[in-house]
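The following exercises are to be worked with the sequence and the coordinates at hand. Each task is followed by a solution in steps.

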Amino acid sequence: MLVYSLRTRKTVRRSAPTASERFADFLPLKKYDPSLSLSVGGTPLLRLGNVIDQFGLPEVFAKNETANPTASFKDRGTVIAVQKALELGIKKIGTISTGNMAGSTAAYAAKAGLPCLVFVKEDTPQDKILAAAVYGAMIIKVQGDYGGLFRKSFEIGRRRGIAFMNSVDPFRIEGYKVTSYEIFEQLGAPAFRAKTPVMVLVPVSAAGHLIGLIRGFRDLRDLGLISKLPVLIGVQASGCAPISRAFRRGSDQVERFPNPHTIAHAISNPTPPGGELALRLLREFGGFMMDVSEPEILRAHALMASREGIFCDPASATPLAAVLKLKRRRHILLGARAVLIVTGSGLKAMEAILDPSRLDIRTASLETLDKAL
Ligand SMILES: Cc1ncc(COP(=O)(O)O)c(C=O)c1O
């Protein structure tokens, strides 16, 4: 079945096997190639029944993006950016990363047969460096300011013919839209017509993901599939919350966040390049930013694993921390259905388990095994 919109002049191919193919008209490619996709997307929407019961919450779901090929949402953007690079005849690609984007870009480069260069911060954990290098990419650990590295990468890319697909690369952002299409399909159209709104909570660093999600829902509105956008809530760690702070102040300018410090390393960006556009879009479509403290993040991180069986990155626990905070504050939106985007796997951020002594880990021999129980 086809849905054709006169307004957008675009078609949704309802019977195609993946959301990327169903909504291919909305992607910036001549032709989407599933053979280079590593089977990205189609991630589960899981109901968090135990957390709902424990805290008396309304419906809460996790969109589990750790089920993507390299265990993070970044694959959604990389698959489109890499296919665009092939379409444009680009011969080398690169990225700068604190971890997840490095592995994602390196994996898709390997599949597409393109050499890949990755700049990482000098202090990036060794596990994350290996998880990118294993795909054959060249990794350079760079000392100095991450914001400066962002600008420098484009300069080097221009001189050396390397397409740097960083956090707010326009094609990467277009790829993130597919998550919104999937959430719409999985929750079902009636949820978006109900009186209580849907809210979608997402961890924010550079803000590329948030911008892409808003654009995806805007496509659905332009198609006439939903009448208004869900309430998008961008979540940052209070220890590095430049966009949340600007939102609270009513400012449309994002200022550098001084002395960033948080366990949620994946979202610790003091100078987010997409911050100002995110603020504009949130205000236009009725979303907002908030931030959560370190104890709130750690508690949510533990709840996700021990109550729901989802081992996520601390950054990915910020949406649950935010829902619990809204509940404590008796926020007006509390009756809404909440979708938490779980952006990355805990296996790539083992340092978040600060105190293993609080876990139940015992040692025994064959003889003492019974006693150890
Ligand atoms: C696990 C995780 N969550 C969230 C983000 C934030 O995404 P964005 O930089 O597009 O805001 C990142 C970015 O690196 C990440 O790795």
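**Exercise 1. Strand E12 and its partners**

Determine how far strand E12 is enclosed, and which residues stand opposite its own in the neighbouring strands.

Solution. The model is a predicted one.

Step 1. Strand E12 covers residues 337-342, and 5 of these 6 residues are buried, so the strand is largely enclosed by the rest of the structure. The cut-off applied here is 20 or more other C-beta atoms within 10 Å of a residue's own.

Step 2. On strand E4 (residues 60-64), 5 bridges lead to E12, and the two strands run parallel. Within this pairing, Val60 is placed opposite Ala338.

Step 3. E9 is also joined to E12 in the parallel sense, through 4 bridges. Here Val198 faces Arg337, and Leu201 has Leu340 as its bridge partner.

**Exercise 2. The sheet as a whole**

Establish the strand order of the open sheet and identify its edge strands.

Solution.

Step 1. The sheet has 6 strands in the order E3-E4-E12-E9-E10-E11, and its pairing is mixed.

Step 2. Strand E3 (45-47) and strand E11 (288-292) are the edges, since each pairs on one side only. From one strand to the next, the twist averages 25°.

Step 3. Between strand E9 (residues 198-203) and strand E10 (residues 231-237) there are 5 bridges in the parallel sense. Among the pairs, Val202 is matched with Gly234, and Leu201 stands opposite Ile233.

Step 4. Helix H11 (residues 275-285) packs on the sheet, where it touches E10 and E11; the direction of H11 makes about 145° with that of E10.

**Exercise 3. Burial in E9 and H11**

Decide which residues of E9 point to each side of the strand, and which residues of H11 are buried.

Solution.

Step 1. For E9, 6 of its 6 residues are buried.

Step 2. Val198, Val200 and Val202 point one way, whereas Met199, Leu201 and Pro203 point the other way.

Step 3. The buried residues in H11 are Gly275, Ala278, Leu279, Leu281 and Leu282. These residues pack against H9, E10, helix H10 (242-248) and E11.

Step 4. Just after H11 comes Gly286, with a positive phi of about 80°.

**Exercise 4. The nonpolar core and the two domains**

Locate the largest nonpolar core relative to the domains.

Solution.

Step 1. This core contains 105 residues, and Val200, Leu201 and Leu340 have the most contacts inside it. Helix H7 (residues 170-187) is the element that gives the most to the core, with 8 residues.

Step 2. Domain 1 (2-70 + 171-352) and domain 2 (74-169) both contribute residues, so the core lies between them.

Step 3. For Leu340, leaving aside neighbours within four places in sequence, the contacts are Val60, Ala62, Leu201, Pro319, Leu320 and Val323.

Step 4. The centres of domain 1 and domain 2, taken over C-alpha atoms, are 23 Å apart. Their contact involves 33 residues of domain 1 and 30 residues of domain 2. On the side of domain 1 that touches domain 2, H7 supplies the largest share, 8 residues.

**Exercise 5. The shell around the ligand**

Find which residues are closest to the ligand, and which helix gives the largest share of the shell.

Solution.

Step 1. The ligand is surrounded by 20 residues, of which the closest are Ser205, Ala206, Ala266, Thr343 and Gly344.

Step 2. At least two residues of the shell come from each of helix H4 (100-112), helix H9 (208-223) and helix H13 (314-328).

Step 3. H9 provides the largest share, 3 residues.

**Exercise 6. Positive phi outside glycine**

Place Leu38 and Asn259 in the chain, and decide for each whether the residue is buried, partly exposed or exposed.

Solution.

Step 1. Most residues other than glycine have a negative phi.

Step 2. Leu38 is not a glycine, yet has a positive phi of about 55°. Leu38 belongs to the loop between helix H1 (19-22) and E3. Leu38 counts as partly exposed because it has 18 C-beta neighbours inside 10 Å.

Step 3. Asn259, likewise not a glycine, has a positive phi of about 45°. The loop between H10 and H11 holds Asn259. With 7 other C-beta atoms within 10 Å, Asn259 is exposed.

Terms used. Residues are numbered from 1 along each chain as its sequence is written. This is a predicted model: local features need pLDDT of at least 70, side-chain atom pairs count only at pLDDT 80 or more; totals for chains, interfaces and linings use all residues. Two strands pair if DSSP finds at least two bridges between them. Axes are lines fitted to C-alpha atoms, for helices over the stretch in contact, and angles run from 0 to 180 degrees between N-to-C directions. Two residues are in contact if their C-beta atoms, placed from the backbone, lie within 7 Å. A nonpolar core is a set of buried Ala, Val, Leu, Ile, Met, Phe, Trp, Tyr and Cys residues joined through C-beta atoms within 7 Å. A residue is buried if 20 or more other C-beta atoms lie within 10 Å of its own, exposed if 12 or fewer, and partly exposed in between; C-beta atoms are placed from the backbone. Domain bounds come from an automatic or database domain assignment. A residue is near a molecule or strand if its C-beta atom, placed from the backbone, lies within 6 Å of it.
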